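Here are a few short exercises to work through with the model open beside you. Try each task before reading its solution.

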2 protein chains.
Amino acid sequence: MVSNLKDKLKLYVILDRFLGKGVPLCEQARLAIMGGATAIQLRDKKMQGRDFYRAALAVGEICREQGVLFIVNDRLDVALAAEADGVHLGQEDLPLEAAKKIIPPGFIVGISVRTPAQAKAAQAGGADYLGVGDVFGTSSKPDAKTIGVVGLREVCQSTPLPCVAIGGINVGNVRIALQAGVVGVAVISAVVSQKDIVAAAKALRALIP
Amino acid sequence: MVSNLKDKLKLYVILDRFLGKGVPLCEQARLAIMGGATAIQLRDKKMQGRDFYRAALAVGEICREQGVLFIVNDRLDVALAAEADGVHLGQEDLPLEAAKKIIPPGFIVGISVRTPAQAKAAQAGGADYLGVGDVFGTSSKPDAKTIGVVGLREVCQSTPLPCVAIGGINVGNVRIALQAGVVGVAVISAVVSQKDIVAAAKALRALIP
Ligand code: NI
């Protein structure tokens, strides 16, 4: 379905109802894409299934129109029913082998990893890309421990899968992340919490060849 | 897949990690089935996907061994991956038409309804059974409004689908619920919060022909 996955992972913007400071999810998506986002992830562990599905339909339509990758976090059922391009699963979400049982061919699966061992397991299980972090520490997950650039490089070197750095990425450290071997960066607050979402996305996107 | 659905809905026990007072979910299932439960539902809106999936695998195995219907609440992805018999969806969960897009033939879908209008919509959408309530008021959903026996009868009379009464059902009101037209009753605390779960289930089951 998505042939140029690496290119689609360059600037991976995760929408957030709370960090978006009142900007509706659809508007976050639209502005981030205007600024150059190549992938959009919808994530909301608190939303009820019905609202999350409706949000997925709305954001998914925008992404499809703009040719941007659309990934739903955690809820594989919502991802499938809303016809997203893929699902992103954390280590506490549905296990990859369980998800694979109900995933059709061509549907993308991203897995959050912190270590080479988790990266190997994800690759063995058929993951399509990895979200690697928390790299620098992020306000959205205050209790997570960071892996730093050293940890990021270790994971990138351990796998042939395209890796996206996540966790405290901003214009000041994108280059360092890229040098560690990722194909792109995932951001939340560095884009959706900014007053000018378009400009924030543009500034990041400009740093990613 | 399940041919005798009506018979399987006679005593529908919903497991609950919190109301179970420390009894593990698997043990709640095992004891309820020993007491005559014909269906088991796993429900936990707070559990992470991975834990919920694992619980579904474990409880599902017990149900399969015992020939008891196994239904997973809300998380259709978990229901499918764990090979449950079906999924139960509330009015705030994934909409039925969305769920139907990814449900294989023979997979059971139950829908929570309060009104004849909701029952008609569920039937039109292809639901297999209805959970009707809150009938008498339940401690597990303190803010829900009750529909009473009158409301229960209205829903039962409005649909050919098998209906299960839910909400404050106990040995004192099972007969009244059955007279309103349901094929069975769904209970949580009336079984899983009791000191003797087997005896509690038996007492209820004895009242349902
Ligand atoms: Ni959830």
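**Exercise 1. Work out how strand E1 of chain A is joined to strand E2, and how the chain gets from one to the other.**

Step 1. E1(A) and strand E2 (residues 39–42) of chain A run parallel, and four bridges join them. Keep in mind that this is a predicted model.

Step 2. Look for a facing pair: Val13(A) is opposite Ile40(A) in E2(A).

Step 3. Now follow the chain: from E1(A) the path goes through helix H2 (residues 25–34) of chain A to E2(A), a β-α-β crossover that is right-handed.

**Exercise 2. Find the partner of Val13(A) in E8(A), then place both strands in the barrel.**

Step 1. Three bridges pair E1(A) with E8(A), in the parallel sense. Within E8(A), Val187(A) is the bridge partner of Val13(A).

Step 2. Move on to the neighbour of E8(A): strand E7 (residues 163–166) of chain A runs parallel to strand E8 (residues 184–187) of chain A, with three bridges between them. Here Ala165(A) is opposite Val185(A) of E8(A).

Step 3. Put the pairs together: in chain A, eight strands in the order E1-E2-E3-E4-E5-E6-E7-E8 close into a barrel with parallel pairing. From one strand to the next, the twist averages 25 degrees.

**Exercise 3. Sort the residues of strand E1 of chain A by the way they point, and decide whether they are buried or exposed.**

Step 1. Recall the general pattern: side chains in a regular strand alternate between the two faces of the sheet.

Step 2. Apply it to E1(A): Leu11(A), Val13(A) and Leu15(A) point one way, while Tyr12(A) and Ile14(A) point the other way.

Step 3. Check the burial: five of the five residues in strand E1 (residues 11–15) of chain A are buried, leaving the strand mostly covered.

**Exercise 4. Classify the packing of helices H2 and H10 of chain B as parallel, antiparallel, perpendicular or oblique.**

Step 1. Take the geometry: the axes of helix H2 (residues 25–34) of chain B and helix H10 (residues 197–205) of chain B come within 7 Å, crossing at roughly 45 degrees.

Step 2. Angles under 35 degrees count as roughly parallel and 65 to 115 as roughly perpendicular. H2(B) and H10(B) are therefore oblique to each other.

Step 3. Add the handedness: the crossing of H2(B) past H10(B) is right-handed.

Step 4. Finish with the residues that meet: Gln28(B), Leu31(B), Ala32(B) and Met34(B) from H2(B) contact Ile197(B), Val198(B), Ala201(B) and Lys202(B) from H10(B).

Notes:
Residues are numbered from 1 along each chain as its sequence is written. Chains are lettered from A and ligands numbered from 1 in the order in which they are written. This is a predicted model: local features need pLDDT of at least 70, side-chain atom pairs count only at pLDDT 80 or more; totals for chains, interfaces and linings use all residues. Side-chain values use heavy atoms; hydrogens and water are left out. Two strands pair if DSSP finds at least two bridges between them. Helices (H or I, at least four residues) and strands (E, at least two) are DSSP runs, numbered from the N terminus. Axes are lines fitted to C-alpha atoms, for helices over the stretch in contact, and angles run from 0 to 180 degrees between N-to-C directions. Buried means under 20% relative accessible area, exposed over 50%, partly exposed in between (1.4 Å probe, protein chains only). A crossover is right-handed if, with the strands pointing away from the viewer, the path from the first strand over the helix to the second runs clockwise. Angles under 35 degrees count as roughly parallel, over 145 as roughly antiparallel, 65 to 115 as roughly perpendicular and the rest as oblique. A crossing is left-handed if the near helix is turned anticlockwise from the far one by less than a right angle, and right-handed if clockwise. Contact means heavy atoms within 4.5 Å.
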